[in-house]
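Biologist: Please pick one part of this model and take me through it closely. Start there, then work outwards to whatever it leads to.

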Amino acid sequence: MARNGILVDYQYCTGCYSCEIACQSEQDLYLGQWGVKVLQNGPWPVKDTTGNETDKYVYDFIPSFTLQCNLCPERTAKGKKPSCVHHCQADIMRYGPVEELVKVLEQKPWQYLWVPPQG
Ligand code: SF4
Ligand code: SF4
């Protein structure tokens with residue numbers, strides 16, 4: 001049977017945390033339990049076009065899935081996207097068969113593919 005997963009283009013994650021809340025609501029999780037948790041890294045100085053550091057700083061954000069994630073089978077059985085994918089404000093997550101997502105993964109760096117054990 002084809003395995004499904006979520007492809008994350010984390011280069012454009014804005015750190016809005018909508019995915020965290022969408023999952024907690026969908027999965028009815030308790031406070032402190034997460035199906036996906038957004039990690040914050042930084043701040044890092046922004047470099048100008050010559051490679052020199054400016055006085056501006058940015059954070060990197062990476063949504064990190066946990067073993068609580070089951071890919072929202074009740075939603076996907078109805079043809080809906082997983083809740084976190086549906087609510088991602090930057091539209092950087094894509095759900096589908098792993099073999100199709102791998103093709104997209106090969107086209108661009110700064111992405112990763114999440115495939116849970118029950119995916
Ligand atoms: S796919 Fe569903 S269970 Fe997994 S993190 Fe997203 S909302 Fe939570
Ligand atoms: S909803 Fe999307 S943009 Fe917002 S933190 Fe989650 S992955 Fe990043």
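Modeller: The account below starts at one helix and follows its surroundings outwards.

First, the conventions. Residues are numbered from 1 along each chain as its sequence is written, while chains are lettered from A and ligands numbered from 1 in the order in which they are written. The model is predicted, so local features need pLDDT of at least 70 and side-chain atom pairs count only at pLDDT 80 or more, whereas totals for chains, interfaces and linings use all residues.

The part is α1 (18-27). Helices (H or I, at least four residues) and strands (E, at least two) are DSSP runs, numbered from the N terminus. Residues C19, A22, C23 and Q24 of α1 are buried. Buried means that 20 or more other C-beta atoms lie within 10 Å of the residue's own; exposed means 12 or fewer, and partly exposed lies in between, with C-beta atoms placed from the backbone. An α-helix has 3.6 residues a turn, so residues three or four places apart point the same way. The cover over the buried residues of α1 includes β2, β3 and α3. Just after α1 comes D28, with a positive phi near 55°.

Next, the ligands. Ligand 1 has 14 residues around it, and C23, G35, C69, P82 and C84 come nearest. Near means that the C-beta atom, placed from the backbone, lies within 6 Å of the molecule or strand. Two elements, α1 and α3 (83-87), give two or more residues to this shell. The largest share comes from α1, with four residues. By class, the shell around ligand 1 holds nine nonpolar, four polar and one charged residues. Here Ala, Val, Leu, Ile, Met, Phe, Trp, Tyr, Cys and Pro count as nonpolar, Asp, Glu, Lys and Arg as charged, and the others, Gly among them, as polar.

Ligand 2 is surrounded by 15 residues, the closest being C13, C16, C19, C88 and A90. At least two residues of its shell come from α1, and at least two from β3. This shell divides into 11 nonpolar, four polar and no charged residues.

β2 and β3 need a closer look. Strand β2 (residues 36-47) is hardly covered, with one buried residue among its 12. It pairs with β3 (residues 53-65) in the antiparallel sense over nine bridges. Strands pair if DSSP finds at least two bridges between them. L39 stands opposite I62 in β3. Five residues lie between the strands of this hairpin, and G51 takes a positive phi near 90°.

Now the core. Nonpolar side chains tend to be buried together in soluble globular proteins. The largest nonpolar core here has 17 residues, and I6, C19, V36, C84, V85 and M93 have the most contacts inside it. Two or more residues each come from β1, α1, α3 and β4. Such a core is a set of buried Ala, Val, Leu, Ile, Met, Phe, Trp, Tyr and Cys residues joined through C-beta atoms within 7 Å. Leaving out residues up to four places away in sequence, C84 touches C19, A22, C23, V36 and M93. Contact means C-beta atoms, placed from the backbone, within 7 Å.

The core leads to β1. Strand β1 (residues 4-8) is largely enclosed by the rest of the structure, because four of its five residues are buried. It belongs to an open sheet of three strands in the order β4-β1-β5, with antiparallel pairing. The edge strands, β4 and β5, each pair on one side only. Neighbouring strands of this sheet are turned by 30° against each other on average, direction ignored. Five bridges join β1 to β4 (residues 93-97), and three join β1 to β5. L7 stands opposite R94 in β4. In β5, I6 has W114 as its bridge partner, and V8 faces Y112.

Helix α4 (residues 98-105) lies across β1, β4 and β5, at about 135° to β4. Axes are lines fitted to C-alpha atoms, for helices over the stretch in contact, and angles run from 0 to 180 degrees between N-to-C directions.

Last comes V115, in the segment after β5 (112-114). V115 is partly exposed, as 15 other C-beta atoms lie within 10 Å. Beyond its neighbours within four places in sequence, V115 contacts R3, G5 and V98. Its C-alpha atom is 6.7 Å from that of N4, 111 residues apart along the chain.

Methods. Contact = placed C-beta atoms within 7 Å.
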